[in-house]
Amino acid sequence: DYYASRGLGDVYKRQTPYILPLLALGTINSYAAEIVKLKNAQTAVLNVFTYDANGKLLNSGVAFYIGEQGEAVASYHFFKGAYKAEVVDFKGKKHAVQRIIGANASTDLVKFKVDNGGNNDYFSITNNAAVKGAPLYMLNYTTKKKQPGQVVNISSDEPYNNYRYYHIDVQNDKANMGRPLVDAEGSLMGITQKNNKKNAEYAYALDSRFINELRATAKSAFNTDLLEINIPKALPNNAKDALTYLYMLPSIDTLTCRTAYNDFITSYPNMAEGYVNRANYYLKQGDLAHSEQDFLLAAEKAASDTTSMTPDAVHYQFSTALYKVALSPIDSATTPSNWTLQRAEEEASKAYSIKPHTLYLMHKGKCQYAQRNYDGAYQIFSKVCTDKQFASADTYYSAALALEKTGRDSMQVITLLDSCITHLPQPVNARYAQYYLERSRRLIQAGHFRKAVFDYNEYEKIIGPRNLNANFYYLRYQAETEAHMYQQALDDIRTAIATSKEPIPFRLEEAALLLSVGEFKQAIEAAQKLLHDLPENPDCYKIIGVAYGEQGNKTEAIKNLQKAKNLGDTSVETFIKKYQ
């Protein structure tokens, strides 16, 4: 009679095996009381709507609160691709989805937070697995507060990681998916899930305790399921993880970044890191006014909060920002007049005065170098190189460049480059290989050609021959020629010919080299082949003429030298007189 009076005859039929023993024990009244406890359960169930970038409805369905501050859960596929979402509660009131907390596509669940002011009714997630045979109640969204849910039975269950998957007697229909299953006490026991087995008649239910896995972490920035949702994400619950999350955020997602930085500052208003991170974000966006404002706020917070970023670190961060903008203005028309290299140097000096860290001194030297104060920069870089814990190939290279700009002894510059290469990390990779090229250029200027060839050889070993072009082999050829390393020079010029898209200039060099080393026959052959491409080139005729002359064939020598003269090369007069 109790069930029939409430239109629950169907429930009665399914619960008969459980009700009869209760009747026998005279406990029907207590059982009915448990059902009555569910009368307000519907107040935690929501209707959710998601929208695309143009405001067009994507999906709608059931959601439900699982926390008193607006935390809720729904099917993940509702939110995939969404730019906006809102829920409607049992009173018909709309609330915007404010943040996405966690998402898992494989279980088709998403946790989010709505902007409702808090203090909402919600389901408490159970601490224990559901018991086979105990009735559960599947709820749906309704504005009828006391409408009962559908009674559901668990036929069996199976493990799912640390949780359970329940086989339930619910039709495997789309309309039943993502709905909450609660026990007689109103505790959330599971969420209905689609059974993807072929021709499956009944659905699954996922253990509600899995919802606890849906939380914001430092790795959320790379969570592909979260990235498929274009609604701002929640920060992790502790400052350390939240900072890591901010660091890993892709800067191209401006809405997510801006929201995350603002959320961090709201949660941790006294932490300088939040202001520095947002300042650097504004810097990338070209908003220098707000960037400066945040750097200044960060300095204030750092001075008063000893647990936060230290004041010296804030000044250094601001200095590097000023330095970058001063060297490469984002927009000279809108760049503030006080974003200068001089101010960057001042901020670096402030950082160094608070804490004499060599990093800050090095940056001050860079600021001076950029302002063309090369002597001052050299003095600073030299001091930096005395710090054995900080000195590196880069610091010695910086000192070498500054000294070179002062116009002092070039051998001192080479000595610094020697130290630079001595400090290269081993094994040397492509990032540091350039230093061998830098030293080789100075060695050539100083006339140390064989040493220059050594540096070219080291560069080739590091980079690999396949990654080098004709220009490299031509440069080494020139050094080898000056060092009288003719066979190596001949090999390199031929490699340049083989690898160049325009080999003719290199072929002319080859012919000239063959002449220089006394390979007259090969020189003549090489120059004559070139005449097919350069029929009016005086250099080819000159090479042929001199080669014939050195072989004693004066007739051919004068003939070709005269041709070179007729084409404009007056330097051949000496050779014509020699062979007449």
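Buried means under 20% relative accessible area, exposed over 50%, and partly exposed in between, with a 1.4 Å probe and protein chains only. This is a predicted model, in which local features need pLDDT of at least 70, side-chain atom pairs count only at pLDDT 80 or more, and totals for chains, interfaces and linings use all residues. Residues are numbered from 1 along each chain as its sequence is written, and side-chain values use heavy atoms, with hydrogens and water left out.

**View 1. N560 sits in helix α23 (residues 554-566).** Helices (H or I, at least four residues) and strands (E, at least two) are DSSP runs, numbered from the N terminus. N560 counts as buried because its relative accessibility is 9%. Its C-alpha atom is separated by 9.6 Å from that of I576. The two residues are 16 residues apart along the chain.

**View 2. Six strands close into a barrel.** The order is β1-β2-β3-β6-β5-β4, with antiparallel pairing. Two strands pair if DSSP finds at least two bridges between them. Neighbouring strands of this barrel are turned by 40 degrees against each other on average, direction ignored. Axes here are lines fitted to C-alpha atoms, for helices over the stretch in contact, and angles run from 0 to 180 degrees between N-to-C directions. Strands β4 (residues 84-88) and β5 (residues 94-104) run antiparallel and are joined by 3 bridges. V87 has H95 in β5 as its bridge partner.

**View 3. An open sheet holds 7 strands.** They follow the order β8-β7-β11-β12-β13-β10-β9, and the pairing is antiparallel. At the edges lie β8 (150-152) and β9 (154-160), each pairing on one side only. The average turn between neighbouring strands of this sheet is 35 degrees, direction ignored. Inside the sheet order, 3 bridges join β11 (residues 180-182) to β12 (residues 188-193). P180 stands opposite I191 in β12.

**View 4. R476 takes part in salt bridges with E460 and with D492.** A salt bridge is a side-chain nitrogen of Lys or Arg within 4 Å of a carboxyl oxygen of Asp or Glu. For E460 and R476, the closest N and O atoms are 2.9 Å apart. This pair links distant parts of the chain: E460 is in helix α17 (residues 449-463), R476 in helix α18 (residues 470-482), 16 residues apart. Both E460 and R476 are buried. The D492 and R476 side chains meet at 2.7 Å, N to O. D492 lies in helix α19 (residues 486-499), again 16 residues from R476 in α18. D492 is buried, as is R476.

**View 5. D207 and R209 form another of the salt bridges.** Their side chains meet at 2.6 Å, N to O. Both residues are buried. Elsewhere, E404, E438, R441 and R442 are linked in a network of salt bridges. The whole structure has 23 salt bridges.

**View 6. The largest cavity holds about 60 Å³ of space.** On a 1 Å grid over the protein atoms alone, a cavity is a set of points where a 1.4 Å probe fits but cannot get out; lining residues have an atom within 4 Å of a point. Grid points are joined across faces, edges and corners, and a volume is the space filled by probe spheres set on the points. The count comes to 1 cavity of 30 Å³ or more. Its lining includes S220, K233, Y245 and D253. The lining residues divide into 6 nonpolar, 2 polar and 2 charged. Ala, Val, Leu, Ile, Met, Phe, Trp, Tyr, Cys and Pro count as nonpolar, Asp, Glu, Lys and Arg as charged, and the others, Gly among them, as polar.

Terms used
On a 1 Å grid over the protein atoms alone, a cavity is a set of points where a 1.4 Å probe fits but cannot get out, and a pocket is an open set with protein on both sides within 12 Å along at least five of seven lines; lining residues have an atom within 4 Å of a point.
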